[in-house]
Structure formats: C-alpha cells, structure tokens
Amino acid sequence: MVSNSTSPISKPSSLRWKILRRALLHPRSSNSENQSEICLNQISRKTRFGFNLIPCNSVNTDDLVEENSDCERSSFRDDCFCYTLPVPNGPKLFIHKRVEDCVDLNDFQACNRYGIDNTGLVCQWPSEDVLAYYCLLHVDMFRSKRVIELGSGYGLAGLVIATVTDPLEVVISDGNPQVVDYIQRNIDANSVSFCGTNVTSMMLHWDHYEVPSISGTFDIVIASDCTFFKEFHKGLVQTIRCLLKEEGPSEAILFSPKRGDSLDKFLVEVKDSGLHFTVTEMYDNEIWRRHQIFINGDNSWPNYDKDHCYPLFIRIAR
C-alpha cells in the first residue's frame, strides 16, 4: 500500500513521482492539489529573486508606452520588470517576461518542432543574474568588443553589456523562437540606452553551429546555466569554438552550477575539442557572501543546494 503522506526523508525523485501520480489519477481533486503543493515546497529550488544582485521591481507597461514609443503593452501572459543597474547614474533596463506558471500547448509544440527545451520561458534563472552582475563589474572586458550571448532567455546579461560597457556589437541569441521574440521586445524597449552599439536578436540552434555570417567573428561568447542537458553539450562546445575569432585573443565566459556530473561532462567535451578552460569557485566576495547565507538556510531561497544553485565561473579559450 502506498501512503499519501509525505515523509521528511523522502527523496526528491520520489516526491516528483508522487506529484505526477496524483495529477494522473486525480486531476481535479483539490486534495491532490494540496498534497502536490506540499511536495513542491519540499523539492522546488525555484526562487523569485535568486542572489538579488540587481534591484528590480514590476512595472506598469502602460506608463512605459507613454514614455517610450518603442515599448509595447504586455499581454495578460506577460510581466515587465525594471532593473536598476548598480553603477553610477543608475541606468534602468526594462525586461518583458512570461508570467510565472503560464504555459500552453504552443510552448511544447515549439519545443518538439525545433528539438529544444523550454527553460528560457520558465523564469529568469539565477545564473543569468550572476552573469549580468559580473559584466557590470568588468566593464573594460567588453569595451569595443563583439559579444554574443548563447541560450539567453530574456537577455538580461546581453542587455547589460549593451547598456554600460560600450561594446562594438552585441548579439543576444536563443534556440527557442518564442524566447527570441521576447529578446527582440526587450531590445526594442531599451534601444535608447545603447549609445550606438549594434544590438540584435538571433535564433541560433547549437546543432547548426556553422553560421557563415557570424563564424569566427566574436571576441567574447557568454552563457549562463546552459550545461544542464547533456545531449546539448557537444553542440554547445562546437558552437563556442565556431563563434570565437581565431586571430587575436578571444574567450567564452560561462556561469553554471555543477548539477551532478553535468558540468563535468561538459568540460570533458571542451577538452576533447581542443579548447582550454579554467573553473573558479570563489570569484566575487559579495556573491560568495550571499551563497553562504543561503547555505545556512535563508528562507528566501527554499531548498538551496550548492550543487544545483551556486554557479561556478568557467572561462574557455583556444
């Protein structure tokens, strides 16, 4: 007999199966929904603010439209957030995102059609915030450079670079066409802040990494939390190798949690491709300080776990 109670020592995998079992057997049961919510609270590592490195707040897009003609009014499925960058003069970025927990059949149809995952629509992942914060602290690294972000989600890091570092060009890419639509909206919403930098969106699949128009043209490739799915490792490595310019210094900057053996297997692919890499655990005092707070049980990030939540800093070069 299978008990409906949830033991404190239940493994996360067991709790996930319980949620799926209840959803299939009792799809309309309020009791099933309550039990599933209890299970989710025990296994979910989802956080609303992550490391909370860049202050942000929800905004009314009707007000933005009046101030900026390039802004669009959000649909009922969208939210808009204002990020105030912690640098002199405090420039603001407006990021349109999908409303949390708002998923429909079209999302999965797009995934099946293009052989991609749907993580870019789920939320703003904490590693992206860390990447964006790192870029703010290392402005000179990107000045007058050509930069491309891979697996960008809503594009926060790429937009930060375009706004404060005076790069020559920024391409913000993703393999999901729905995500790319959001990226383009976010570029349009912030275009007045780019000071002449050429900023474009692009749909880029890592299994189609040889794109003649951009191959070998970038000084810096950036990405965050893109190493989780092992089936994409080889394509991601080959994409990085293809995009980095061959003459002169160039490098890829990634932030990614270990997530079991996923990152280690990705780094094996990097080595096998002939590229070189370094991995740094403690790369910023403030991020490390907040990591220690979460490790000690801060309730703002439930079930925080270093292996799954704390992004390591990876640099890749030829």
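User: How many aromatic pairs does the structure hold?

Analyst: This is a predicted model. The structure holds 18 aromatic pairs. Start with Phe51 and Phe294. Their rings meet edge-to-face, 5.8 Å centre to centre, with 70° between the planes. The pair links distant parts of the chain. Phe51 sits in the loop between helix H2 (30-43) and S1, while Phe294 belongs to helix H11. They are 243 residues apart.

User: Are Phe51 and Phe294 buried or exposed?

Analyst: Phe51 is buried, at 1% relative accessibility. Phe294 is buried too, with a relative accessible area of 7%. Now take another pair, Phe255 and Phe313. These two rings are stacked, 4.9 Å centre to centre and 10° between the planes. Phe255 lies in strand S8 and Phe313 in strand S10, 58 residues apart, so this pair also links distant parts of the chain.

User: How is the label "stacked" or "edge-to-face" decided?

Analyst: Look at the angle between the ring planes. Under 30 degrees counts as stacked, and over 60 as edge-to-face. Phe255 and Phe313, at 10°, are therefore stacked. Phe51 and Phe294, at 70°, are therefore edge-to-face.

User: How covered are Phe255 and Phe313?

Analyst: Phe255 has a relative accessible area of 0% and is buried. Phe313 is buried at 6%.

User: Which residues do ring pairs link into a cluster?

Analyst: The cluster includes Phe51, Phe255, Phe294 and Phe313. Tyr134, Tyr283, Tyr304 and Tyr310 are also in it. So are the rings of Trp288 and Trp301.

User: Where does a charge lie over a ring?

Analyst: Try Lys97. It lies over the face of Phe81, at 4.8 Å from the ring centre. Then find Arg259, whose charged end sits over the ring of Phe228, 5.2 Å from its centre.

User: What about charges that meet each other? How many salt bridges are there?

Analyst: Side chains of opposite charge can pair when their charged atoms come close. Here the count comes to 12 salt bridges. One of them joins Glu281 and Lys306, with the closest N and O atoms 2.5 Å apart. That pair links distant parts of the chain. Glu281 is in the loop between strand S9 (276-280) and helix H11 (285-295), and Lys306 is in helix H12 (residues 306-309), 25 residues apart. Glu281 is partly exposed at 36% relative accessibility. Lys306 is partly exposed at 33%.

User: Which salt bridge falls within helix H11?

Analyst: Glu286 and Arg289 form it, at 2.6 Å, N to O. Both lie in helix H11, 3 residues apart, about one turn of the helix. An α-helix has 3.6 residues a turn, so residues three or four places apart point the same way. Glu286 is partly exposed at 23%, and Arg289 is partly exposed at 42%.

User: What else is worth finding among the salt bridges?

Analyst: Find Lys258 and Asp264. Their closest N and O atoms are 3.3 Å apart. Lys258 is partly exposed at 30% relative accessibility, and Asp264 is partly exposed at 39%. Then look for a network of salt bridges, which links Lys230, Asp261 and Lys265.

User: How many disulfides are there?

Analyst: The count comes to 0 disulfides. Cysteines still differ in their setting. Cys195 is exposed, at 68% relative accessibility. Cys309 is buried, at 5%.

User: How do I read the strands around S2? Which strands pair with S2?

Analyst: Follow the bridges from strand to strand. Strand S1 (residues 56-58) pairs with S2 in the antiparallel sense over 3 bridges. Cys56 has Tyr83 as its bridge partner in S2. S2 also pairs with strand S3 (residues 92-98), antiparallel, over 7 bridges. There, Cys82 has Phe94 as its bridge partner in S3. S2 itself, residues 78-84, is mostly covered, with 5 of its 7 residues buried.

User: Last one, a helix. How much of helix H9 is buried?

Analyst: Helix H9 (residues 233-243) is mostly covered: 8 of its 11 residues are buried. Among them are His233, Leu236, Val237, Ile240 and Leu243. The buried residues of H9 pack against strands S4 (146-150), S7 (220-224), S8 (251-256) and S10 (312-317). They also pack against helix H10 (262-272).

Notes. Residues are numbered from 1 along each chain as its sequence is written. This is a predicted model: local features need pLDDT of at least 70, side-chain atom pairs count only at pLDDT 80 or more; totals for chains, interfaces and linings use all residues. Side-chain values use heavy atoms; hydrogens and water are left out. A salt bridge is a side-chain nitrogen of Lys or Arg within 4 Å of a carboxyl oxygen of Asp or Glu. Buried means under 20% relative accessible area, exposed over 50%, partly exposed in between (1.4 Å probe, protein chains only). Helices (H or I, at least four residues) and strands (E, at least two) are DSSP runs, numbered from the N terminus. A disulfide is a pair of cysteine sulfur atoms within 2.5 Å. Two strands pair if DSSP finds at least two bridges between them. Contact means heavy atoms within 4.5 Å. Rings of Phe, Tyr and Trp (its six-membered ring) pair if their centres lie within 6.5 Å; planes under 30 degrees apart count as stacked, over 60 as edge-to-face and the rest as tilted. A charge sits over a ring if NZ of Lys or CZ of Arg is within 6 Å of the ring centre and within 35 degrees of the ring normal.
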